Amino acid sequence: MSMNNKQRWMGGVVLLGGGVLLAALLLKGNEEIKQVEVQPPASTSPKTQTKPKQATEGQMVQLQPLAVDVETEKRLLEEQRRSREKAVAEQEARAAEFLAMQQQAEADAARKAAAEYAAINARRTAAQESSDNIPPELVGEAKAKNQQANVANKTTDTSKIDADKKAAEAKRQAEADKKVSDAKRKAEADKKADAEKARELLENGDKKWMVQVALAANQANADSVVSKLRAKGYKVTTSQTSKGIRIMVGPAKDRDTADAARKKITSDSSLNMKSAWVIDWVPLDQR
């Protein structure tokens with residue numbers, strides 16, 4: 001059911017109710033008229049008593065208050081009808097205004113979307129036309145510049161990589177040189193120590209009796225044993241062999257002196273060298 005049909009239906013219901021009310025008022029007025037006609041006159045004194053006026057046949061009795069109530073009811077009903085019509089008209093006007101605003105907003109959105117789409121198409125068309133209008137020589141020149149830029153970037157990257165490689169190589173070379181230098185210094189120190197030992201043996205005469213206390217597997221073990229013996233005041237000599245590093249105490253002038261040194265070393269529990277023995281040692285330069 002539409003809005004207009006609902007409003008018409010409601011107006012009809014109101015008018016029907018007003019008609020029923022009006023009929024009830026009319027019936028009530030008729031009953032009051034009858035009661036007035038049959039009511040006896042009030043008792044009055046003989047001097048003041050007057051005969052009531054008799055209504056002639058055909059003369060209508062006027063009830064002013066009842067007529068006023070009916071007219072007022074009609075006027076009220078008319079005002080209510082006009083108020084309803086005014087409210088309905090205002091509501092319809094607001095609905096029409098809202099519908100117009102909604103239609104205007106939809107139209108504005110559609111125009112905005114169309115304008116944006118047209119602008120995008122215009123930019124695409126302009127870009128296509130500008131690319132189409134570029135002379136071939138300019139296109140080739142741009143490509144050449146791009147290629148040169150790419151080559152320059154690659155050259156820069158290659159140079160950077162080469163520089164990093166050179167720096168790493170220089171670092172490795174420096175480390176290798178340091179190791180070689182350390183090895184040379186150690187070899188020179190070892191030669192100097194051997195020379196000192198040989199010179200001492202030569203200066204002290206023929207002293208070839210030695211006490212071999214250990215055969216170390218590596219230089220670290222040999223250095224540990226040598227440190228212990230030197231801390232006790234022994235003269236220690238080392239010699240490299242195919243089985244390891246020989247550690248000897250001495251030399252002594254004779255075997256008995258060397259054997260006495262051996263017994264002293266083996267009896268020292270702090271040294272823990274039970275397998276020492278006396279050897280007839282000949283220096284390398286005398287073999």
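Which residues does Val213 touch, not counting residues up to four places away in sequence? In the predicted model, Val213 touches Leu229, Ile247, Val249, Ile265, Met273, Ser275 and Ala276 once such neighbours are set aside. Val213 also belongs to the largest nonpolar core, a set of 19 residues in which Val211, Val213, Leu229, Ile247 and Ile265 have the most contacts. At least two residues of this core are supplied by each of β1, α4, β3 and α5. In soluble globular proteins, nonpolar side chains tend to be buried together.

The chain as a whole contains five helices and four strands, which follow one another along the sequence in the pattern α-α-α-β-α-β-β-α-β. Of the 287 residues in the chain, 15% are buried. When contacts between residues at least 6 apart in sequence are considered, 70% of them join residues at least 24 apart.

Helix α5, which covers residues 255-267, has 13 residues and reaches 18 Å from its first C-alpha to its last, close to the 18 Å expected at 1.5 Å a residue. Within α5, Ala258, Ile265 and Thr266 are buried. Viewed down the axis of α5, the buried residues fall within an arc of 90°, and they therefore line one face of the helix. These buried residues pack against β1 (209-216), β3 (245-252) and β4 (277-280), whereas Asp256, Lys264 and Ser267, on the other side of α5, are exposed. Ile265 thus links two parts of this description, being buried in α5 and being listed among the core residues with the most contacts.

Strand β2 (residues 236-240) pairs with β3 in the antiparallel sense, over five bridges. The bridge partner of Thr238 in β3 is Ile247, a residue that is also touched by Val213. The two strands β2 and β3 form a hairpin with four residues between them, and Gly244, in the turn, has a positive phi of about 155°.

Confidence varies along the chain, for which the average pLDDT is 77, with 72% of the residues scoring at least 70. Among the elements of the chain, helix α4 (residues 219-231) has the highest mean pLDDT, at 93, and helix α1 (residues 3-38) the lowest, at 68. Over residues 40-59 the pLDDT is below 50, and this stretch has one contact in the model beyond near neighbours in sequence. Where pLDDT is low, the predicted coordinates should not be read in detail.

Key
Residues numbered from 1 in each chain as written. Predicted model: local features only at pLDDT ≥ 70, side-chain atom pairs only at ≥ 80, totals over all residues. Heavy atoms only, no water. Expected span 1.5 Å × (residues − 1). Buried < 20%, exposed > 50% of the residue type's maximum accessible area, 1.4 Å probe, protein only. Arc of directions from axis to C-beta. Contact = heavy atoms within 4.5 Å. pLDDT = per-residue confidence, 0-100. Core = buried A, V, L, I, M, F, W, Y, C linked by side-chain atoms within 4.5 Å. Pairing = 2+ DSSP bridges.
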